[in-house]
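Student: Hi! I'm new to this one, could you walk me through it?
Tutor: Happy to, let's look at it together.

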Amino acid sequence: MDLGAITKYSALHAKPNGLILQYGTAGFRTKAEHLDHVMFRMGLLAVLRSKQTKSTIGVMVTASHNPEEDNGVKLVDPLGEMLAPSWEEHATCLANAEEQDMQRVLIDISEKEAVNLQQDAFVVIGRDTSSEKLSQSVIDGVTVLGGQFHDYGLLTTPQLHYMVYCRNTGGRYGKATIEGYYQKLSKAFVELTKQASCSGDEYRSLKVDCANGIGALKLREMEHYFSQGLSVQLFNDGSKGKLNHLCGADFVKSHQKPPQGMEIKSNERCCSFDGDADRIVYYYHDADGHFHLIDGDKIATLISSFLKELLVEIGESLNIGVVQTAYANGSSTRYLEEVMKVPVYCTKTGVKHLHHKAQEFDIGVYFEANGHGTALFSTAVEMKIKQSAEQLEDKKRKAAKMLENIIDLFNQAAGDAISDMLVIEAILALKGLTVQQWDALYTDLPNRQLKVQVADRRVISTTDAERQAVTPPGLQEAINDLVKKYKLSRAFVRPSGTEDVVRVYAEADSQESADHLAHEVSLAVFQLAGGIGERPQPGF
Ligand code: 16G
Ligand code: MG
């Protein structure tokens, strides 16, 4: 380590005095103007992680679903996964070190993690449309520690995960280029849709709200690779509006209304990505002009039902599991368990927790209600299916072939709006399902989400995958009493991993009840967990 050079370059990416940031659920996120030093330091950390794992590490610069003024950075581990938890702690330490302590922190991390500093390091870098300057700071950090790098420039977050995964599996998963990604996914998609008997125009066109983000650019580049199977009409493509402003998956999901800038005719199938294209939700207007949201839960249901049907057809009894979080609508969980007979598991919020759990199954489908998710297939399953596709007869062989293409179509390194969109479009075409029929699988329980400001959100701790509050004392009992007042009701609270607030979720048999319950739970949080500012008011 050339400590002199590190000190010199670090001074060019100086940390604002007193600024403390946390590596949150999905990396650092704050106002872009406060992130230059964090980017530089994450470049340094990526080099250490690469030396330790002897693998390529990814660094993604992205504002994700957040407002344009924000930005963020996250590290991608060797198999395309989120950074390991012990390294998240190192990331926080390094980001918060004062200039004079930087060298010591770097040496500490290297020693604790037994990093061989002589080992070569390779880092790949991607960024969404939100900032070029910040990714240059990452490169400065990588270079000053002697790491090699490849800058992919503009990529969606899941594309960077894909690149990392490809590079660390010797090309077996795919080619680590943007064309490699387009070709792998499009080939699988076109082959799948060729088998669809319903090939009317209805199944062939889709309106996509790109949140004024990177998804627009990448989908436009990719479009001609899959145009045989699907034509997409892009909205909020970044030519006018602001990133994630009044549009995108997060807006549509949390406001339960369509994005601005998209004209929707009745029963037209539409979807929204978030700013870095790792979330997707679908929606449509019915003949009466009512808006219907099809969120991550319903996406997981469509996908897992289809996979289960294919397995039954092939005659394979593989274990398939669906992973959700506490935010999953109660109706989705009930439908999966009772109608589909698929086991459902609940983890803490954040993709890394779901991804980890999903790896325990032959086939693990995971989705957060907000539209983050994918399906994972164990290597053994992949081999088995490939064999079946060669050996089985007729109908069984057809199902095995389909499954083989579906495996290729999922981005197994990360939840990916583009990949999920193609999977969904293929399944709808193959099953001949309209968007309304898909929506009608089950009816969501009315629900409400609220935020409460408290002095210190860490006073709330939870257990049972965030479904029960352990502290402060009395809070869970208060929630239990409130929940009892309503039918089909459920409520929980958790400290946000990305914002300084406590989140409240409630569902019940009617919107009115869900709204009341959410409000009452907010008041309980305010009273028992040190609320600040104005008391929560009823009404939304
Ligand atoms: C991050 C997570 C997302 C989670 C959200 C929760 C990733 C890639 N993203 O956006 O999965 O739903 O945080 O935010 O893990 P909250 O803790 O503020 O509710
Ligand atoms: Mg995102």
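Below we talk about a sheet, a metal site and a helix.

Tutor: One thing up front: this is a predicted model.

Student: Got it. In what order do the strands of the open sheet come?
Tutor: The order is S1-S3-S2-S4-S5, so to speak from one edge across, and the pairing among these five strands is mixed.

Student: Which strands stand at the edges?
Tutor: Those are S1 (28–31) and S5 (148–154). Each has a single partner strand, so one side of each has no neighbour in the sheet.

Student: And what does the twist average from one strand to the next?
Tutor: It averages 15°.

Student: Back to S1. In which sense does it pair with S3?
Tutor: S1 and S3 (residues 70–76) are antiparallel, with four bridges between them. As an example, Phe-28 has Val-73 in S3 as its bridge partner.

Student: Which strands does helix H5 lie across?
Tutor: H5 (residues 132–144) lies across S2 (56–61), S3, S4 (122–127) and S5, and it runs at about 175° to S4.

Student: What about H6?
Tutor: Helix H6 (residues 157–168) lies across S2, S3, S4 and S5, running at about 170° to S2.

Student: New topic: what coordinates the magnesium ion (ligand 2)?
Tutor: Four residues do: Ser-64 through OG, and Asp-274, Asp-276 and Asp-278 through OD. The distances are 2.1 to 2.2 Å.

Student: What spacing do those donors follow along the chain?
Tutor: The spacing for the magnesium ion (ligand 2) is S-x209-D-x1-D-x1-D.

Student: Is Asp-274 buried or exposed?
Tutor: Asp-274 is buried, because its relative accessibility is 0% and buried means under 20%. Asp-276 is buried too, with a relative accessible area of 0%.

Student: Now helix H13. How many residues does it have, and how far does it reach?
Tutor: H13 (residues 379–391) has 13 residues and reaches 19 Å from its first C-alpha to its last, close to the expected 18 Å.

Student: Which residues of H13 are buried?
Tutor: They are Val-381, Ile-385, Ser-388 and Ala-389. Looking down the axis of H13, these buried residues fall within an arc of 100°, so they line one face of the helix.

Student: What do they pack against?
Tutor: The buried residues of H13 pack against helices H10 (296–314) and H14 (394–409), and against strands S13 (363–367) and S14 (373–377).

Student: And which exposed residues does the face turned away carry?
Tutor: That face of H13 carries Thr-379, Ala-380, Met-383, Glu-390 and Gln-391.

Conventions: Residues numbered from 1 in each chain as written. Chains lettered and ligands numbered in written order. Predicted model: local features only at pLDDT ≥ 70, side-chain atom pairs only at ≥ 80, totals over all residues. Heavy atoms only, no water. Pairing = 2+ DSSP bridges. Helix = DSSP H or I, 4+ residues; strand = E, 2+ residues; numbered from the N terminus. Axes fitted to C-alpha atoms, helices over the stretch in contact; angles between N-to-C directions. Contact = heavy atoms within 4.5 Å. Donors = N, O, S within 2.8 Å, 3.2 Å for Na, K, Ca; no water. Buried < 20%, exposed > 50% of the residue type's maximum accessible area, 1.4 Å probe, protein only. Expected span 1.5 Å × (residues − 1). Arc of directions from axis to C-beta.
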